[in-house]
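Dear colleague,

I am handing over the structure shown below, and I would be grateful if you could read the notes after it with the model open beside you.

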Amino acid sequence: MTAVPVVVCPDCDGATFTLQPCRCTSYGDRFLADDDGLGARREAYRSCEQCRGAGSVAYPCHRCGRRGRRRAQLVVAVANLDTGAVASHQVVPGGLDPHRDPAGAWVVDLSPRVRELAATVGAVVDEADVPSLWLDRQWRPDLPATLRHELEAHAIVRADHTPWRLVLGRSTAPTAVGAAARLARLCALADLLLLDLVVEARRQGAGFGWAIRYEVPGSPVPSGVFSSCIDLPEAVVRTDASAALNGLAERGLAAPARLLRPDSPRPPVTPAVDVDQLERRILADCVDAAGGDELPGAQAVWRDGRWWHTTLRAGAPVEVLTEQPTGQVVRRLRVPVNRGYQPPDPPWLGEPVDWRPCPDCRPPSRLRTCDCRLGGRPADPDCPHCCGAGLRPSALHCFTCGDTHRLLRTVAVTVTDLRHRVVHLTWQAGTPEVAPLAATQPNGRPVVRLPERYRLGSWSTVLGARPEDLADADGGHPIGKDLRDGYVTLPWAGADPVGEYVRHAGRGTAAGRLIVVAAAPDAPPLTEVLRLALGLDLALVVGVCDLRHNAADPLLADGVSWSVEVKPRDAPVHPDDVPYRPSLAAALAWCVECLTDAVAQAAPTDPTAPIPVPWSRPRELVVDPAPDLLRLASRHAGQAVTVRFTRAGCTVHRHDDDGVRLLAETPDLRDLRLT
């Protein structure tokens with residue numbers, strides 16, 4: 001491949017660093033400063049801990065990676081997941097076809113090139129994320145070629161934050177998502193999970209931002225919400241059940257915990273939803289009916305089989321003090337937003353849950369238990385962090401309560417497949433249970449195992465899922481071995497095992513609600529991802545570790561861990577590249593979610609090295625290597641095994657205590673024979 005143009009980094013002028021105004025200049029030479037939100041530059045803070053009163057700070061240039069030069073090349077690749085075909089186009093100076101936009105500026109639209117590439121590989125793609133390059137005002141088609149190419153190179157460099165862009169498509173267009181059907185499905189799932197579905201419009205500049213989310217009853221209105229959806233149909237199409245559940249715990253940390261009555265009368269069928277009518281009603285509530293004043297927003301809350309409408313109104317300003325890295329303290333006025341009307345409690349909501357204050361944090365401060373008290377030890381008088389107080393400021397959540405500031409005596413557990421099946425459980429502290437001793441921690445604390453109804457792995461099989469598929473509905477994090485198999489460590493012999501189990505399960509949850517998804521992740525087969533990686537001429541790195549021999553030991557991780565990543569062909573295997581996903585499907589789902597970022601990071605870091613421009617014809621799927629990977633893992637049980645698949649074949653590596661050892665190189669994993 002011919003060399004690509006390399007230009008001096010325009011952000012640092014080749015110096016590899018930039019001088020930028022220090023943050024203290026936003027507030028002036030004051031220890032206690034008011035944040036006016038204007039961002040105007042003022043006098044530097046003389047006692048600043050970052051600039052020492054100079055007013056400017058040198059930062060390494062992140063755009064060029066402290067190299068001083070940048071590559072004037074972009075590559076756009078289109079891949080067909082159904083056939084493995086790949087076609088690419090490189091954007092370099094001299095190869096652009098700019099045109100004037102309505103404002104008279106010269107712009108390079110890459111959408112036609114993407115459509116040509118999609119037609120070449122026979123894929124239907126979404127062109128929403130295809131970038132456009134804006135040329136400098138000095139550019140004209142009649143300029144000398146040298147000057148014209150220089151201006152084009154600077155336009156390309158401005159877009160090199162993603163130098164290698166991957167656009168994925170399928171041979172057939174995906175089924176369009178109907179806004180009405182999607183919203184009705186979200187409403188039905190809210191009734192199934194005993195949650196509120198909140199549809200919100202919030203003023204953003206001259207328009208509105210729309211958001212859809214699940215909440216537990218009693219959750220406060222979150223502040224500082226920003227949404228890129230400009231209307232309700234767009235928000236509905238872009239919000240599935242997982243997206244609506246994300247952040248559920250954070251939104252409901254302060255919500256009151258109450259018992260659930262899943263057997264209470266429920267709406268038989270979710271009625272059809274008129275999205276346009278719902279949108280008009282919410283927008284109408286954004287204006288005060290009495291005085292005609294503009295309100296911050298409005299909400300529609302789906303609860304108990306019907307919509308409840310409410311306005312959003314500004315509350316009393318709250319003063320917030322924030323410590324800055326400069327050593328200053330900034331005072332801000334935050335205006336909370338409250339509901340103008342609270343819907344009545346649903347019939348499935350029961351009595352409040354008993355709780356006691358968390359002993360290891362102090363609301364509303366940032367004081368948390370100091371590390372010197374770990375393991376139940378008394379506070380160290382000589383501790384440099386707390387000076388014997390036992391508490392220290394921390395930006396992390398409280399490990400004991402997860403920042404709910406409450407230790408609940410009851411937790412409501414919901415296990416669901418996010419379709420139509422659900423199981424509601426109630427675990428209460430003080431319930432007498434037979435919990436035999438299973439192991440002893442190194443510090444002498446007993447580990448006991450609770451009966452079957454406390455083991456989420458047993459409930460997953462009831463819903464037709466595997467225990468390793470269990471994940472927290474809020475964020476998708478896998479459920480640990482303790483909750484999956486019913487293990488709990490007691491602080492002392494004779495402690496209440498159910499109470500300790502409830503405290504662990506309810507830590508950091510919304511109103512004591514732990515919602516668990518029992519369903520396999522939506523992921524393509526390993527062979528499809530492998531074919532795509534080979535079509536891009538990259539490496540697919542698959543890691544696997546067999547720990548099934550630890551199944552009977554509650555102190556050790558068990559099962560089979562996986563990792564799947566797309567990396568450059570010559571990327572080495574690092575000792576810390578160990579698998580940690582509980583299943584192959586989970587590893588593949590994460591790989592596909594991060595695929596576009598992984599391809600962008602596969603671009604060479606050396607600006608003089610060109611980005612590959614891969615082309616690949618449709619190819620058949622290879623034989624599934626998963627059985628051979630499991631064979632390798634079982635042969636090296638207890639040790640991580642990493643296999644790198646490239647067009648040239650595959651290499652097998654084993655992670656030992658002293659690093660990574662190359663075990664074999666072979667064109668086909670099926671031909672590998674290890675002793």
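Leaving aside its neighbours within four places in sequence, Val130 is in contact with Leu110, Ser111 and Val114, where contact means heavy atoms within 4.5 Å. Please keep in mind that this is a predicted model, in which local features need pLDDT of at least 70 and side-chain atom pairs count only at pLDDT 80 or more, while totals for chains, interfaces and linings use all residues. Residues are numbered from 1 along each chain as its sequence is written, and side-chain values use heavy atoms, with hydrogens and water left out.

To stay with Val130 for a moment, this residue is found in the loop between β10 (124-125) and β11, with strands (E, at least two residues) and helices (H or I, at least four) taken as DSSP runs and numbered from the N terminus. Val130 counts as buried because its relative accessibility is 13%; buried here means under 20% relative accessible area, exposed over 50%, and partly exposed in between, with a 1.4 Å probe and protein chains only. Val130 and its contact Leu110 are 20 residues apart in sequence, and their C-alpha atoms are 6.6 Å apart in space.

The strand that follows this loop belongs to an open sheet of 3 strands, which has the order β8-β9-β11 and antiparallel pairing. β8 (99-100) and β11 (132-134) stand at the edges with a single partner strand each, so one side of each is left without a neighbour in the sheet. Strand β9 (residues 106-109) is joined to β11 by 3 bridges, two strands being called paired if DSSP finds at least two bridges between them. In that pairing, Asp109 has Ser132 of β11 as its bridge partner.

A second antiparallel pairing, over 3 bridges, links strand β29 (residues 437-440) with strand β30 (residues 446-449), and Ala439 has Val447 in β30 as its bridge partner. β29 and β30 form a hairpin with 5 residues between them, and Gly444 in the turn has a positive phi of about 95°.

Turning to the interior, the largest nonpolar core has 44 residues, of which Leu540, Val643, Phe645 and Leu669 touch the most other members; such a core is a set of buried Ala, Val, Leu, Ile, Met, Phe, Trp, Tyr and Cys residues joined through side-chain atoms within 4.5 Å. Helix α11 (residues 526-535) gives the most to this core, contributing 6 residues. Beyond its neighbours within four places in sequence, Leu540 is in contact with residues including Leu526, Val529, Leu530, Ala533, Val643 and Phe645. A second, separate core of 42 residues includes Leu197, Ala255, Val273 and Leu418.

What about enclosed space? A search of the whole structure finds 3 cavities of 30 Å³ or more, a cavity being a set of points, on a 1 Å grid over the protein atoms alone, where a 1.4 Å probe fits but cannot get out, with lining residues having an atom within 4 Å of a point. About 80 Å³ of space lies in the largest cavity, and its lining consists of Val216, Pro217, Pro256, Ala257, Arg258, Leu260, Leu349, Ala511 and Arg513. By class, that lining has 7 nonpolar, no polar and 2 charged residues, with Pro counted as nonpolar, Arg as charged and Gly as polar. The second largest cavity has a volume of about 50 Å³, and among the residues that line this cavity are Thr400, Cys401, Val502 and Arg503. β26 (406-408) and α10 (497-505) each supply at least two residues of the lining of the second largest cavity, and β26 gives the most, with 3 residues.

Lastly, some backbone details deserve your attention. Most residues other than glycine have a negative phi, and most peptide bonds are trans. The peptide bond from Pro363 to Pro364 is cis, with omega near -5°, and Pro364 lies in the loop between β23 (361-362) and β24 (367-369). Leu418 has a positive phi of about 60° although it is not a glycine; Leu418 lies in the loop between β27 (410-416) and β28 (422-428) and is buried, with a relative accessible area of 18%. Asp537, also not a glycine, has a positive phi near 60° and is found in the loop between α11 and β34 (539-546), where Asp537 is partly exposed, with a relative accessible area of 21%.

With best wishes

Notes. On a 1 Å grid over the protein atoms alone, a cavity is a set of points where a 1.4 Å probe fits but cannot get out, and a pocket is an open set with protein on both sides within 12 Å along at least five of seven lines; lining residues have an atom within 4 Å of a point. Grid points are joined across faces, edges and corners, and a volume is the space filled by probe spheres set on the points.
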